[in-house]
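User: I am new to reading protein models, and I would like a close look at a single part, explained step by step. Could you choose one helix, follow how it sits among its surroundings, and work outwards from there?

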Amino acid sequence: MITQRIDNIAHIPKKSLVEVPPIPKSVKIEITGKCNYRCGYCAIMARKYAGFGTSMDFRLFKKIVAELHTLGVEEIGLFLIGESFTAPDLLVKCINHLKRNYEFPYVFLTSNASLAFHPVVYRCMTARLDSLKWSCNFYDKEQFKRITGVKETLFDDAVTNIRLAWKVRREYKLKTKLYASSIRYDDEQYEKMQGFLKENVLPYVDEHYWLPLYSMGSLATAKEKELGMKPIAGNPGRYENPVPPVPCWSVFTEGHILSDGRVTACCADATGEWVMGDMNTQTFAEVWESKEFKKLRKAHLNDKITGTKCEHCVIYK
């Protein structure tokens, strides 16, 4: 199930607690930097560089995938910060490429569901997408509009699309697993979400789990303060099975590639502050084993992240 896969990444194995850990088995590729939401807690709020608003060139995607396959990567996530259903044709094209040409064992995706209309979901499923997870973080339209800053109709679209995806999978006997996660901003949010989840989400997914409110690299602090939100330090994984914020798993057990081809050390890097190298000019292995990456991992291993790029995320106030 999806929770086991998440825990396998977040709980760093002993062999990976070194300055140059093995090439990760899981890599997320941001095929587009666009998102149709502007969630107050999300790092995308800090995204100003125009290049982040574009989709990845498919030639670059093919180059990246070919190398990752050679290196033994087994799991490919087709997202990072952006919403992949803003580029539906590219998304389907990428899934087809991963499955038809390389037979990657596990191709996965997280989406806010609002643009995941059933025709494109059908195409993703028939292309053999293994996992499609919905981010369900709002209990009604009022909260949705207040936090996302977008029109309420997208809330209805997301609810409808979650139901239709379940129906499409059942009617066409497809194998894509359907999951959902929710951010537990606080205990009040947890309680208010129960009714919404019971009616609109739980009947239409194979598994649901909770996440804490991450600091997202401390890139959305002004909006978080305005909304009265208090994120936790770092990224400790699932709410029910957390890990310490240091050493951060993102630096050791999973690869992250931005839509412009740069490799970042942080799963929440919306601004390029954690960039370690560039796959336009380097190999993934070169970046993973680079001097800058080793320096950052050493700081995490020694629990001395003050002065590093991770300071404001891990020591969050």
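Analyst: Before turning to the helices, one convention is needed: angles under 35 degrees count as roughly parallel, over 145 as roughly antiparallel, 65 to 115 as roughly perpendicular, and the rest as oblique. Please also keep in mind that this is a predicted model.

With that in hand, consider how α6 meets helix α7 (residues 187–200): the two pack at an angle of about 45 degrees, and their axes are 10 Å apart. α6 and α7 are therefore oblique to each other. On the α6 side the contact is made by Phe155, Val159, Ile162 and Arg163, while α7 brings Phe196, Glu199 and Asn200 to it.

The wider setting is the largest nonpolar core, which has 101 residues, and those with the most contacts inside it are Ile29, Phe61, Leu78, Trp134 and Ile257. Helix α6, which covers residues 153–171, gives the most to this core, with eight residues. In soluble globular proteins, nonpolar side chains tend to be buried together.

Phe61 leads us to the part I have chosen for the close look, helix α2 (residues 58–70). At 1.5 Å a residue, the 13 residues of α2 should span 18 Å, and because its end C-alpha atoms are 18 Å apart, the model agrees with that expectation. At the start of α2, a side-chain oxygen of Asp57 reaches to within 2.8 Å of the backbone nitrogen of Arg59, and after the helix comes Gly72, whose phi is positive, near 95 degrees.

Which residues of α2 are buried? They are Phe58, Leu60, Phe61, Ile64, Val65, Glu67 and Leu68. An α-helix has 3.6 residues a turn, so residues three or four places apart point the same way. The elements that cover the buried residues of α2 include β1 (26–29), β2 (75–77), α3 (88–102), β7 (254–257) and α9 (284–288). Looking at Phe61 by itself, and leaving out residues up to four places away in sequence, we find that it touches Ile29, Ile31, Met56, Leu78, Cys94, His97 and Leu98.

One of the covering elements, β7, deserves a last step outwards, since His256 lies in this strand. His256 has a relative accessible area of 0%, and because buried means under 20%, it counts as buried. The side chain of His256 also makes a polar contact, at 2.8 Å, with the side chain of Glu254. Not counting residues up to four places away in sequence, His256 touches several others, including Lys28, Leu80, Trp249 and Arg262.

Conventions: Residues numbered from 1 in each chain as written. Predicted model: local features only at pLDDT ≥ 70, side-chain atom pairs only at ≥ 80, totals over all residues. Heavy atoms only, no water. Core = buried A, V, L, I, M, F, W, Y, C linked by side-chain atoms within 4.5 Å. Buried < 20%, exposed > 50% of the residue type's maximum accessible area, 1.4 Å probe, protein only. Helix = DSSP H or I, 4+ residues; strand = E, 2+ residues; numbered from the N terminus. Contact = heavy atoms within 4.5 Å. Expected span 1.5 Å × (residues − 1). Polar contact = N/O pair within 3.5 Å; in protein donor to acceptor, adjacent residues only side chain to side chain. Axes fitted to C-alpha atoms, helices over the stretch in contact; angles between N-to-C directions.
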